[in-house]
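The following exercises ask the reader to work from a sequence and its three-dimensional model toward an account of how the chain is held together. Each task is followed by a worked solution.

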Amino acid sequence: MSRWQARAAGLGERVQARFAGVNPYVLDVLLALAAMAVSLWTVWHDEPAWSWWVYVLAVATALPLPWRRKVPFTVFCLSALPSLAIGLWAHSAMPQLPLGMVVVIYTVADFGREWQRWLTLVALIVGNVLGTHSVNGMLFSLLSSVGPFVFGSLVRELRRLARVEAGRATEAGRRAAADAARAVAEERARIAREMHDILAHAVSLMVIQAEAGPVVVRSDPDRAIRTFDTIADSGRDAMVQLRRVLGVLKEQGAGPELAPQPTLAELPAVVERVREAGLRVELTVQELGPADVQAAAYRIVQEALTNTVKHSGADRVVVRVAKVREALEVVVEDNGAGVPVAVTGAWSGGRGLVGIRERAAACGGRAEAGPGPGGRGFVVTATLPWGS
């Protein structure tokens, strides 16, 4: 919107605010009375004195004005007929500026239908060109009739632009609300995945160690002590990671003690706790990568190891993390019972494996899981783009 359009819109808003509480019919009645007064004053002071029918025509030019907003073109026709009659038979009794016709022409340009507006404009131009006997008179008549039409068209366009801007603002508000709702949903899903990974891994190790503790407490007290130490370490690690995740839910300004996102450098500690649960783990980390990729890879390995401990029945698992072309490849392979080949087509995995896929997808990558060669063991593979 240009500067002059903005100024005109601002003026319109101020006028509208000034008369916002006034009934529009009251304003139009006042306009009609003012237009009647101007017409009657002109007839009264014209020479020679006019008959009563000229006064009736003068009143008739402004009489339809109260209905101008509802039926603008009809009001224009009803006002134009007595004005035309005065112009033909009592031309000197016409006011220099016919207020009633000015208001009606403006109203048709602003509220009328397109065909009504253009028909009115053509009638005004033709009538003023043919109905005047001098160039000066024609120019003044065009100015006093076409001028209100141009002004009404301008106001009409400004209103259209205001509606367009309001529609854009509404749509932008809807998009912002949708984006905010989507961001909230994504954050909730992220927190749910984090909590699942943390708790599932820690609780699984704690349960396995707790079950093994009573078995060796008499035969191997030192091993039993190490078992309970592992349980305590798993619990403390889970608490630290939960504080990190739940810190984002605290009120602003609370100053939570947040740890950084997990990295692949922390994998040896995870692997060591899994080894203490009785599982042989071979870990190879050749590359680290960007922080978000490391965090995703860490959680994928953690969840895959948790599933191995809980479900596979394996005694050995191999973890490999390496850069392959422009991606970080994560492979977790165990020698457990695996999944029967006959049902792999329908295999979809539980919540943990779904979480692995979601983490990979969040980095722009992909993850696959299924039985190893010949249906032996279970393999989780994730490819995370390096530049995600």
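## Overall organisation

In this predicted model, 68% of the contacts in the protein with a separation of 6 or more are between residues 24 or more positions apart. The protein has 11 helices and five strands. Of its 388 residues, 37% count as buried. The accessible surface comes to about 22300 Å², and 62% of that belongs to carbon and sulfur atoms.

## Exercise 1: A salt bridge between distant parts

Determine which parts of the chain are tied together by the salt bridge of Arg-69 and Asp-28, and state whether each partner is buried or exposed.

*Solution.*

Step 1. The side chains of Arg-69 and Asp-28 form a salt bridge with an N to O distance of 2.9 Å. The cut-off for such a pair is 4 Å.

Step 2. Arg-69 lies in the loop between α3 (52–62) and α4 (72–89), whereas Asp-28 belongs to helix α2 (residues 24–44); the pair therefore ties together parts that are 41 residues apart in sequence.

Step 3. Buried means under 20% relative accessible area. Asp-28, at 1%, is buried, while Arg-69, at 36%, is partly exposed.

## Exercise 2: Two further salt bridges

Locate the partners of the salt bridge between Arg-316 and Glu-282, then examine the pair Glu-368 and Arg-366 and the network that includes Asp-28.

*Solution.*

Step 1. Arg-316 and Glu-282 meet through their side chains at 3.0 Å, N to O. This pair links distant parts of the chain, with Arg-316 in strand β2 (residues 316–324) and Glu-282 in strand β1 (residues 280–285), 34 residues apart.

Step 2. Arg-316 is partly exposed at 31% relative accessibility, and Glu-282 is partly exposed at 39%.

Step 3. A salt bridge of 3.0 Å, N to O, also joins the side chains of Glu-368 and Arg-366. Arg-366 is exposed, with a relative accessible area of 51%.

Step 4. Asp-28, Arg-68 and Arg-69 are joined into one network by salt bridges that share partners. The count of salt bridges comes to 13.

## Exercise 3: The buried face of α3

Which residues of α3 are buried, and against which helices do they pack?

*Solution.*

Step 1. The buried residues in α3 are Val-54, Leu-57, Ala-58, Thr-61 and Ala-62.

Step 2. Viewed down the axis of α3, these residues fall within an arc of 135°, so they line one face of the helix.

Step 3. The buried residues of α3 pack against α2 and α4.

## Exercise 4: The nonpolar cores

Identify the element that gives the largest share of the largest nonpolar core, and describe the surroundings of Val-330.

*Solution.*

Step 1. In soluble globular proteins, nonpolar side chains tend to be buried together.

Step 2. The largest nonpolar core here has 32 residues, and those with the most contacts inside it are Leu-305, Val-330, Val-332 and Leu-384.

Step 3. Elements that give two or more residues to this core include α9 (267–276), β3 (327–334) and β5 (378–385). The largest share, nine residues, comes from α10.

Step 4. Beyond its neighbours within four places in sequence, Val-330 is in contact with several residues, among them Ala-297, Ile-300, Val-321 and Val-380.

Step 5. A second, separate core of 18 residues includes Ala-35, Ala-62, Leu-124 and Val-146.

Notes:
Residues numbered from 1 in each chain as written. Predicted model: local features only at pLDDT ≥ 70, side-chain atom pairs only at ≥ 80, totals over all residues. Heavy atoms only, no water. Helix = DSSP H or I, 4+ residues; strand = E, 2+ residues; numbered from the N terminus. Buried < 20%, exposed > 50% of the residue type's maximum accessible area, 1.4 Å probe, protein only. Arc of directions from axis to C-beta. Contact = heavy atoms within 4.5 Å. Core = buried A, V, L, I, M, F, W, Y, C linked by side-chain atoms within 4.5 Å. Areas by Shrake-Rupley, 256 points an atom, 1.4 Å probe, with all protein chains shown as cover.
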